[in-house]
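Here are my notes on the model you sent round. Have the structure open while you read, and go through the points in order.

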Amino acid sequence: MPAQSADNWLALPKVSRPLATTDRQVLSITTAVDGVEGEGFLVRRAFAGIHHHQLDPLIMMDHIGEVEYGPGEPKGTPWHPHRGFETVTYVIDGEIVHRDSTGGGGTIKNGDTQWMTAGSGLLHIETPPESLVMSGGLFHGVQLWVNLPAADKMIAPHYQDIRGSRVRLLSSPDGGALLRVIAGELDGHRGPGATHTPITMVHATLRPGAQLTVPWREDFNAVAYVLAGRGNAGAEQRPIRMGQAALFGSGGAVTFKASTTQDTRTPDLEVLLLGGKPLREPIAQYGPFVMNTQAELIQAIEDYKRGRLGTVPVTKAAPGQTAPATEAQREHHMPK
Ligand code: MN
């Protein structure tokens with residue numbers, strides 16, 4: 001797994017062992033459901049079955065792979081809009097090429113995270129690079145949607161390209177777990193991603209049999225999703241495996257344990273630990289727009305149809321790429 005790592009976990013700064021606090025109980029273990037995204041790639045809807053009040057300020061997350069594509073199989077999305085929230089794309093294996101209506105773009109790969117604040121809106125396209133389409137190959141990643149507070153929904157679009165090498169690496173006290181702080185802060189250790197809505201995003205790797213208890217801000221919610229492997233969540237050791245999410249109750253710490261026996265292909269327990277300060281604002285969502293009221297949604301759709309969220313940059317279209325959409329096509333085709 002080419003996510004960021006270190007040769008000697010014990011040499012890394014340690015996350016402190018929480019003392020005199022309540023270990024959060026597991027409220028639910030839910031299993032992701034399969035979905036289809038973009039031009040036809042399979043995703044797992046990671047937080048299916050968790051009520052949006054309990055996810056707030058997170059909206060949803062898609063887990064793609066780990067999958068070994070054959071030649072010609074990798075697919076992406078067509079051009080599509082967003083407004084009112086942030087998309088966070090974390091690529092563990094493989095690559096995604098991204099372009100947008102402002103002329104921006106780049107490649108996300110090997111532990112990189114792209115933090116896109118859609119704000120008032122833009123159009124973008126997310127595709128595997130041509131070389132990966134030709135050859136096929138391994139792909140593994142997630143896309144998380146983080147809500148913006150009402151006051152920030154119409155700010156100018158903004159990107160943070162968080163290279164894998166910049167994530168903050170920590171280890172558990174006994175060195176059995178590696179923690180990558182991607183955004184926000186864990187136990188005083190700040191990751192490179194800056195967030196409009198206070199959240200923490202950590203990718204933890206637990207060796208077989210390892211136990212991890214990390215301090216977690218009392219004012220944040222906490223949800224963990226298993227990217228690979230199996231183990232237990234919470235002090236009460238609820239079994240959890242790849243494709244399942246644990247929603248935690250209140251408290252100052254969260255605990256995980258990796259099963260002593262793992263698959264040979266995924267030798268460790270890989271967990272994405274997420275949480276944030278709930279916004280407690282009304283949500284009105286239609287596909288790729290997440291606003292506060294129906295009137296704002298109608299405005300977003302109208303602005304999109306009229307090209308106010310940007311237009312597909314014709315000159316930048318490469319051979320074989322999706323042709324610029326007409327207004328009629330854009331109206332018809334509005335994926336996430
Ligand atoms: Mn998108």
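The points below cover confidence, the metal site and then the strands.

1. Confidence. Keep in mind that this is a predicted model. The protein chain has a mean pLDDT of 91, with 93% of its residues at 70 or more. The stretch I'd leave out of any argument is residues 323-333, where pLDDT stays under 50. For that stretch the model has twelve contacts beyond four places in sequence.

2. The metal site. Which residues hold the manganese ion? The donors are NE2 of His80, His82 and His124, plus an OE atom of Glu126, at 2.2 to 2.8 Å. Along the chain, the donors of the manganese ion are spaced as H-x1-H-x41-H-x1-E. As for exposure, His80 and His82 are both buried.

3. The β2-β3 hairpin. Strand β2 (residues 33-37) and β3 run antiparallel and are joined by five bridges. If you want a pair to check on screen, take Asp34, whose bridge partner in β3 is Arg44. The two strands make a hairpin with three residues between them. Have a look at Gly38 in that turn: its phi is positive, at about 55°.

4. The other neighbour of β3. Strand β3 covers residues 41-45, and four of its five residues are buried. Besides its pairing with β2, β3 is joined to strand β4 (residues 58-69) by two bridges, again antiparallel. Here the pair to look up is Arg45 with Asp62, its bridge partner in β4.

5. The seven-stranded sheet. This one is open, with antiparallel pairing, and its order reads β1-β22-β19-β24-β17-β14-β13. The edges are β1 (26-31) and β13 (168-171); each has a single partner strand, so one side of each has no neighbour in the sheet. On average, neighbouring strands of this sheet are turned by 20° against each other, direction ignored.

6. Inside that sheet. Where do β19 and β24 sit along the chain, and how many bridges do they share? Strand β19 spans residues 223-228 and strand β24 spans residues 269-276, and five bridges link them in the antiparallel sense. To find the register, start from Tyr225: its bridge partner in β24 is Leu272.

7. For the write-up. I'd show the manganese ion with its four donor residues His80, His82, His124 and Glu126 in one panel, and the open sheet with its edge strands β1 and β13 in another. Please also mark residues 323-333 as the stretch with pLDDT under 50.

Definitions and conventions. Residues are numbered from 1 along each chain as its sequence is written. This is a predicted model: local features need pLDDT of at least 70, side-chain atom pairs count only at pLDDT 80 or more; totals for chains, interfaces and linings use all residues. Side-chain values use heavy atoms; hydrogens and water are left out. Buried means under 20% relative accessible area, exposed over 50%, partly exposed in between (1.4 Å probe, protein chains only). Two strands pair if DSSP finds at least two bridges between them. pLDDT is the predictor's confidence in each residue, from 0 to 100. Contact means heavy atoms within 4.5 Å. Donors are N, O and S atoms within 2.8 Å of the metal (3.2 Å for Na, K and Ca); water is not among the atoms, so sites may look incomplete. Axes are lines fitted to C-alpha atoms, for helices over the stretch in contact, and angles run from 0 to 180 degrees between N-to-C directions.
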